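Got the viewer open? Keep the selection panel handy, and we'll walk through this one stop at a time.

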Amino acid sequence: MKRTILIVMAAVMSFGTAFAKDQSVAYIDMQYILKNLPQYEQANEQLTMLSKRWQKEVDAAQQEARVMATNYQTEQIFLSETMRTKREQEIVQKEQEVLELKRKYFGQEGELYKKREALIRPIQDEIYTAIQDLANEKRIDIVKDRSADPALIYMSSKLDVSDQILQKLGAK
């Protein structure tokens, strides 16, 4: 029984080794590719500008809520109970508006996420199509991203096809 298991394991291991030898592997550096694509840089600049504009809007709303709270603290002793309650509700409402504004712009399904998808997704799709085309042309079985592989210690430069991908994308 043990002998049969050992024979089967040896056969599987030798088959796996033979299979691995027949595969060709290439690497890309996605960060390098993106850095050298002008359309990606433009999209990033546009996202940065939008993000800053929206952050200013959120900051202004937060400042308004802080001013309301500060004013309430200084005037609180002069206000009637109904006026205090009304002002507290206004402050809470303003703080909720600020939270809603943050969610609207920066939340998981917020405007920044949607804009990033609209601007970056086509670039990524174009890159992946170029990778697939190059892999088919050169009969490459596996393409790995070396910028995303922390376990990669060394790689021969002849396996890096990043510049070829950039050429396919028309980048200089």
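A quick word on pLDDT before you start clicking: it is the predictor's confidence in each residue, from 0 to 100. The mean pLDDT of this protein chain is 85, and 81% of its residues reach 70 or more. What you have is a predicted model, so to speak of local features pLDDT has to be at least 70, and side-chain atom pairs count only at pLDDT 80 or more, while totals for chains, interfaces and linings use all residues. Residues are numbered from 1 along each chain as its sequence is written, and side-chain values use heavy atoms, with hydrogens and water left out.

**Stop 1: the whole chain**

Switch to cartoon. You should find six helices and two strands; helices (H or I, at least four residues) and strands (E, at least two) are DSSP runs, numbered from the N terminus. Going along the sequence, the pattern reads α-β-α-α-α-α-β-α.

Now try a surface. The chain exposes about 12700 Å², with carbon and sulfur atoms supplying 54% of it; these accessible areas come from the Shrake-Rupley method with a 1.4 Å probe, and for residues only the protein chains shown count as cover. Of the 172 residues, 24% are buried. Here buried means under 20% relative accessible area, exposed is over 50%, and partly exposed is in between (1.4 Å probe, protein chains only).

A contact, from here on, means heavy atoms within 4.5 Å. Among contacts between residues at least 6 apart in sequence, 80% join residues at least 24 apart.

**Stop 2: the parts to treat with care**

Select residues 4-8. Their pLDDT stays under 50, and the model has zero contacts for them beyond four places in sequence. Residues 14-20 also stay under 50, again with zero contacts beyond four places.

**Stop 3: helix H4**

Select residues 81-106. This is H4, with 26 residues, reaching 37 Å from its first C-alpha to its last, close to the 38 Å expected at 1.5 Å a residue. (The expected span is 1.5 Å times one less than the number of residues.) Show side chains for Arg87, Ile91, Lys94, Val98, Leu101 and Tyr105, which are buried. What do the buried residues of H4 pack against? Color helix H3 (38-75) and helix H5 (111-138), and you have both partners.

**Stop 4: salt bridges around H4**

The structure holds nine salt bridges, each one a side-chain nitrogen of Lys or Arg within 4 Å of a carboxyl oxygen of Asp or Glu. Zoom in on Lys94 and Glu64, whose side chains meet at 3.3 Å, N to O. Lys94 sits in H4 and Glu64 in H3, so this pair ties together parts that are 30 residues apart in sequence. Lys94 is buried at 13% relative accessible area, whereas Glu64 is partly exposed at 41%.

Next, pick Arg87 and Glu75: their closest N and O atoms are 2.7 Å apart in another salt bridge. Arg87 belongs to H4 and Glu75 to H3, so the pair ties together parts 12 residues apart in sequence. Arg87 is buried at 18%, and Glu75 is partly exposed at 32%.

For a bridge within H4, select Arg103 and Glu100, with closest N and O atoms 3.4 Å apart. They are three residues apart, about one turn of the helix. Before leaving, add Glu97 to your view: salt bridges that share partners join Glu64, Lys94 and Glu97 into one network.

**Stop 5: the nonpolar core**

A nonpolar core is a set of buried Ala, Val, Leu, Ile, Met, Phe, Trp, Tyr and Cys residues joined through side-chain atoms within 4.5 Å. In the largest one, Ile28, Ile33, Leu37, Ile123, Ile127, Ile165 and Leu169 touch the most other members out of 31 residues. Strand E1 (25-28), helix H2 (30-35), H3, H4, H5 and helix H6 (162-168) each supply at least two residues. Which element gives the most to this core? That's H5, with nine residues.

Center on Ile127. Beyond its neighbours within four places in sequence, Ile127 contacts Met30, Ile33, Leu34, Leu37, Ile165 and Leu169.

**Stop 6: two last picks**

Click Asp29, in the loop between E1 and H2. Asp29 is buried, at 14% relative accessible area. Not counting residues up to four places away, Asp29 touches Asp145, Arg146, Ser147, Asp160 and Ser162.

Finish on Ala135, in H5, which is buried at 12%. Draw a distance from its C-alpha to that of Ala26: the two residues are 109 apart along the chain, yet these atoms are separated by 8.5 Å.
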